[in-house]
Amino acid sequence: RDPFAKRTKTIYIVYVIAALDITWMFLQFSVTPYLAKKLGFNTLWFGYLQTTVGVIQLCGGPMFGRFGDIFGARAALSLACSSTVVFFLLLAIAENPAMLFIHKLPTIFMHVVPACQMVVADLSAPEKRADALSKLGLCFGVGMIAGSTLGGHLNTRFGETFTAGFGAVGSTFSLLLVLKFIPKTTKSQAPTPGRDSENKSKSIFNVGEITRLLKFPGVKRTFLVKIVAGLPSGIFQVMFSIIALDFFKLKPEQNGYLMAYFGIASMVVQGGVVGRLTARYSESSLLLLSIGVSSFVGLAQAYMQDVFQFCLTVVPMMFSLSVFNVITDSMLTKSVPPSDTGTMMGLCASVQSLLRTVGPTVGGFMYVNYGISSIGLLQFVVNIAVFVHLLQRHLRKTPGHQE
């Protein structure tokens with residue numbers, strides 16, 4: 001069979017697996033906040049619960065990426081899907097606050113999306129990578145709509161336990177897809193014998209191997225931008241379920257519809273806009289654009305009063321987030337050798353986890369003490385600062401602006 005056709009088929013199967021995984025994840029979002037409320041969690045404790053997940057995934061991300069580089073894509077995806085099954089089974093039997101914390105433990109290996117990104121990065125040509133990765137964002141939109149709507153309806157009609165059980169069955173189906181269709185390894189180039197045995201002999205927990213990637217040119221700076229500029233919008237996203245419940249006073253079903261609207265906006269941007277932009281403009285220009293838009297989204301969110309005004313900010317918010325994540329991931333995977341793309345994707349995932357770790361605590365504190373506007377203003381100030389810094393670098397590099 002034609003290897004190109006085979007690669008394309010694998011990428012499409014990966015898109016399906018990613019869309020399903022996001023569906024189960026958003027299904028869970030329509031269970032956990034309401035279950036936590038039933039079990040007597042207040043805003044602060046719900047923040048701690050979110051932080052726990054962030055810490056667990058922060059530790060798991062780089063190890064998981066390294067596991068993928070050493071043992072191949074199928075093993076990595078199987079591990080991630082199996083962990084998701086266990087996660088939902090534990091959620092289904094969670095009847096006290098301690099169990100709600102325990103059910104978060106499998107999230108250490110629940111990195112289905114980074115594993116999918118790893119496969120797509122391995123199987124796509126470098127110049128097409130940003131476009132291929134942005135199509136994964138399209139799957140995110142599909143999953144967000146399906147999961148939020150399905151979760152809202154199932155939870156309202158059959159309760160939390162049934163919805164969690166449904167998630168476990170769905171995740172099992174994802175696992176079967178992985179075992180049937182994903183090749184054992186997706187690395188395109190034949191590794192040099194020395195490098196390969198060296199890779200095999202080194203453990204997954206080798207911190208040196210993981211931090212070695214930060215020494216490649218441009219990696220550290222892109223990483224810092226990813227963390228600093230991503231933090232304020234990360235805080236808003238983490239706090240969103242609380243904002244929806246507390247500030248907008250939404251019911252589970254209304255929250256589902258709002259999430260579905262997020263999903264549609266995300267799909268339009270990732271499926272129709274990002275690929276076209278990456279084909280036409282340089283990655284550094286797009287990075288600047290996304291950070292600039294993000295700062296004004298923060299300003300708008302600082303002054304919004306109701307759901308309608310918030311809905312007006314959703315499209316630019318989704319645009320800046322999508323472009324920002326796709327471009328930084330693409331820049332980072334291109335900066336390292338193909339044998340390390342998995343570890344790099346793991347590190348990228350751990351940035352998201354870092355934001356989820358710091359986000360709930362900082363966000364909870366800001367929201368309780370200074371209200372919702374403080375989160376938006378923080379985003380405005382931080383992103384403007386990063387934008388100015390990057391713009392100066394950008395201008396220095398362009399011809400005619402010698403240092």
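Just after helix 15 (residues 341-370), G371 adopts a positive phi of about 80°; helices here are DSSP runs of H or I with at least four residues, numbered from the N terminus. This is a predicted model, in which local features need pLDDT of at least 70 and side-chain atom pairs count only at pLDDT 80 or more, while totals for chains, interfaces and linings use all residues. Residues are numbered from 1 along each chain as its sequence is written, and side-chain values use heavy atoms, with hydrogens and water left out.

Helices 14 and 15 are set out below; the expected span is 1.5 Å times one less than the number of residues, and the bend at a residue is the angle between axes fitted to the seven residues ending there and the seven starting there.

| Helix | Residues | End-to-end C-alpha distance | Expected span | Bend |
|---|---|---|---|---|
| Helix 14 | 28 residues (307-334) | 40 Å | 40 Å | about 35° at V314 |
| Helix 15 | 30 residues (341-370) | 41 Å | 44 Å | about 35° at G359 |

In helix 15, the kink at G359 lies shortly before the proline P360. In helix 14, the proline P316 follows V314 within four residues. At the start of helix 14, a side-chain oxygen of D306 comes to within 3.3 Å of the backbone nitrogen of F308.

The axes of helix 13 (residues 283-302) and helix 16 (residues 372-397), lines fitted to C-alpha atoms over the stretch in contact with angles from 0 to 180 degrees between N-to-C directions, come within 7 Å and cross at roughly 155°. Helix 13 is therefore roughly antiparallel to helix 16, a term for angles over 145 degrees.

Technical notes: Helices (H or I, at least four residues) and strands (E, at least two) are DSSP runs, numbered from the N terminus. Angles under 35 degrees count as roughly parallel, over 145 as roughly antiparallel, 65 to 115 as roughly perpendicular and the rest as oblique. A polar contact is a pair of N or O atoms within 3.5 Å; within protein, one must be able to donate a hydrogen and the other to accept it, and residues adjacent in sequence count only if both atoms are side-chain atoms.
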